[in-house]
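This report concerns the arrangement of helices and strands in one protein chain. Please consult the sequence and the structure shown below while reading.

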Amino acid sequence: MENIQLKKGKEKSILHRHPWLFSGAIDRQSDGLKNGDLVKINNSEGKFLAYGYFNGQSKISVRVLDWDENAKINKDWWKLKIQHSIEKRNSILAGKSCNSVRLIYSESDKLPGLIVDKYDQILVVQFLTLGIEMVKEEIIEILSELVKPKLIIEKSDAPARLLEGLKPIIRIAKGKESESLISILENNLKFWVDANLGQKSGYYLDQRENRKIVASYAKDKKVLDCFCYSGGFSIHALQAGATSVTGVDSSETALNAFEENLKLNNFTNKEVNLVEQDVFNYLRSLDKNTTDFDLIILDPPKLAPSRSSVDKAKKAYKELNLQAMKVLKSGGILATFSCSSAIDLETFKQIISWAATDAGVDVQFMHYFGQPIDHPILSSFPESEYLKGILCKIL
Ligand code: SAH
C-alpha cells in the first residue's frame with residue numbers, strides 16, 4: 001500500500017479520530033500514489049496513524065477508513081462494516097411500524113462517502129467520493145447479499161461529487177425500474193416514495209421521530225405545515241386528530257404526492273388545504289388580525305449550504321420564524337427546524353429569540369429536536385450534526 005507522511009504537528013485531527021485529512025497537512029506522498037487508492041497515513045516520524053482512501057483532486061485529500069494498523073481493507077472488511085451498520089438499524093425496523101430507514105450514513109457509520117436509504121424493498125445508494133466509487137460494484141454485491149432488495153437504484157447526483165472530480169450518475173444497479181414506485185410505512189402511516197431515475201423525489205426519513213412528537217400536540221388543532229413536501233408532518237397531525245391542515249410548498253410535484261398520501265391513508269374526508277406558493281410570500285400575505293393557527297411547522301430546505309452563507313441564512317430563518325409567530329394564536333405552538341449544519345443549536349436559539357422580540361411575543365423552548373439513530377452524529381465529526389429544531393410555545 002502507498003504511504004502519506006504528515007507535516008510535523010499536523011496529526012492532531014487524525015489522533016482525535018476526525019475522518020478528514022486536508023491537503024495542507026501532507027508533507028510527502030509515495031510516487032506511485034494515485035487518486036482513489038487506499039493509503040497508509042503516517043505521522044512526521046513515519047509512525048502509523050490510520051488507513052484511508054486518497055483523492056488529490058479534492059480539498060479533503062484522505063478520508064479515514066480505519067485507525068487499526070492490523071485492519072485489512074478488503075471485501076470482507078467492507079462487508080463487516082456494512083453488516084454492522086445495518087444491524088444498528090434493526091431496532092427501528094423490528095417494531096414493524098416502519099419499514100424504511102437510512103441504512104448507512106457515510107462518515108457517521110465509518111463508511112465515508114456512502115449513503116444508503118432503504119425504502120421497504122428498494123435501496124437508493126449514493127457514492128459521493130472517488131474512494132467509494134472505486135469499490136462500488138463490491139458494495140452493490142454486498143448490499144444485494146445482505147439486504148436482498150428487489151431494486152437498487154444508484155442516485156449519485158449530489159453536487160459534492162463535483163468536488164471529487166466525479167460526474168453525476170443515476171442508474172438502476174439491480175432490478176426493474178418499473179418497480180420504483182412504492183408505498184412505505186412510517187409510524188404505521190403510509191407514504192408514496194417514487195425512487196425513479198428521473199425525478200429527485202424520495203422521502204425525508206430524518207424527521208421520522210420528530211413527526212411523532214409534533215403530532216402529539218396536534219389533537220383538535222388548526223395546523224399550518226410550511227415546506228410540507230409530501231405531507232410527512234401533516235399526515236401524522238391528521239392521524240393525531242388535527243381539525244384542519246394547511247400545507248404550503250412551492251413544488252407542484254410535492255403537493256401532488258401529498259394528495260396521493262391523503263388517499264393512501266384514507267384521509268380524503270379531512271379538512272386539508274394545499275397551497276402551491278413560496279412560504280415567505282405566503283406568510284407575509286396572511287392577514288395578521290384574522291389568521292389564528294394553533295400549530296405551525298417550519299421545515300425549510302437547507303438555507304445555509306456553507307459557512308459563507310450563514311449571515312444571509314440567519315436573516316432568512318429569522319424572517320420565517322417572525323412571520324410564523326405573527327399568525328399563531330397566543331398559546332400556540334411553533335415547531336421550527338433547520339437542517340443547515342453550519343447553524344448550530346445555540347445560533348438557532350438566538351435566531352428564534354430575535355424573531356420573538358420583533359414579533360413582540362414571549363417564547364418558551366419546550367423541546368429540542370435532533371436526528372434519529374439512523375442518521376447518527378459522530379462525536380469526533382461535528383459535521384455529521386445537521387438537523388435541529390425547537391418546539392416553542394408562544395405566549
Ligand atoms: N417537511 C417535509 C420536508 C421538507 S423539505 C417533510 O416532512 O417531508 C423542503 C421542502 O421545501 C421541499 O418540498 C421544497 O419543495 C420546499 N421549498 C423549498 N423552498 C421553498 C420556498 N421558498 N417556499 C415553499 N416551499 C419551498
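The following paragraphs treat a helix pair, an open sheet with its helices, and a group of paired strands. The model is a predicted one.

**A helix pair**

Two packed helices are described by the angle between their axes and the distance between the axes. Helix H2, residues 75-87, packs against helix H5, residues 136-147, at an angle of about 45°, and the two axes are 10 Å apart. H2 is therefore oblique to H5. The crossing of H2 and H5 has a right-handed sense. On the H2 side the contact is made by Lys75, Trp78, Lys79, Ile82, Gln83 and Ile86, which meet Glu138, Ile139, Glu141, Ile142, Leu143, Glu145, Leu146 and Val147 of H5. By residue class, this contact of H2 with H5 comprises 8 nonpolar, 1 polar and 5 charged residues.

**The open sheet and its helices**

Seven strands form an open sheet in the order E16-E15-E14-E17-E18-E20-E19, and the pairing is mixed. Strand E16 (271-276) and strand E19 (363-369) occupy the edges; each has a single partner strand, so one side of each lacks a neighbour in the sheet. Ignoring direction, neighbouring strands of this sheet are turned by 15° against each other on average.

Within this sheet, strand E18 pairs with strand E20, and Ile333 has Lys393 in E20 as its bridge partner. Helix H7 (residues 232-239) lies across E14, E15, E16, E17 and E18, and runs at about 165° to E14. Helix H8 (residues 252-264) also packs on the sheet, where H8 touches E15 and E16; the direction of H8 makes about 165° with that of E16.

**Paired strands**

The table sets out three strand pairs.

| Strand pair | Residues | Sense | Bridges |
|---|---|---|---|
| E18 and E20 | 328-338 and 388-394 | antiparallel | 6 bridges |
| E1 and E4 | 2-6 and 38-42 | parallel | 4 bridges |
| E4 and E5 | 38-42 and 48-54 | antiparallel | 5 bridges |

Strand E4 takes part in two of these pairs, with E1 and with E5. In the pairing with E1, the bridge partner of Asn3 is Lys40 of E4. In the pairing with E5, Val39 is matched by Gly52 as its bridge partner. E4 and E5 form a hairpin with 5 residues between the strands, and in this hairpin Gly46 adopts a positive phi near 85°.

Note on methods: Residues numbered from 1 in each chain as written. Predicted model: local features only at pLDDT ≥ 70, side-chain atom pairs only at ≥ 80, totals over all residues. Heavy atoms only, no water. Axes fitted to C-alpha atoms, helices over the stretch in contact; angles between N-to-C directions. Helix = DSSP H or I, 4+ residues; strand = E, 2+ residues; numbered from the N terminus. Parallel < 35°, antiparallel > 145°, perpendicular 65-115°, else oblique. Left-handed = near helix turned anticlockwise from the far one by under 90°. Contact = heavy atoms within 4.5 Å. Nonpolar A, V, L, I, M, F, W, Y, C, P; charged D, E, K, R; others polar. Pairing = 2+ DSSP bridges.
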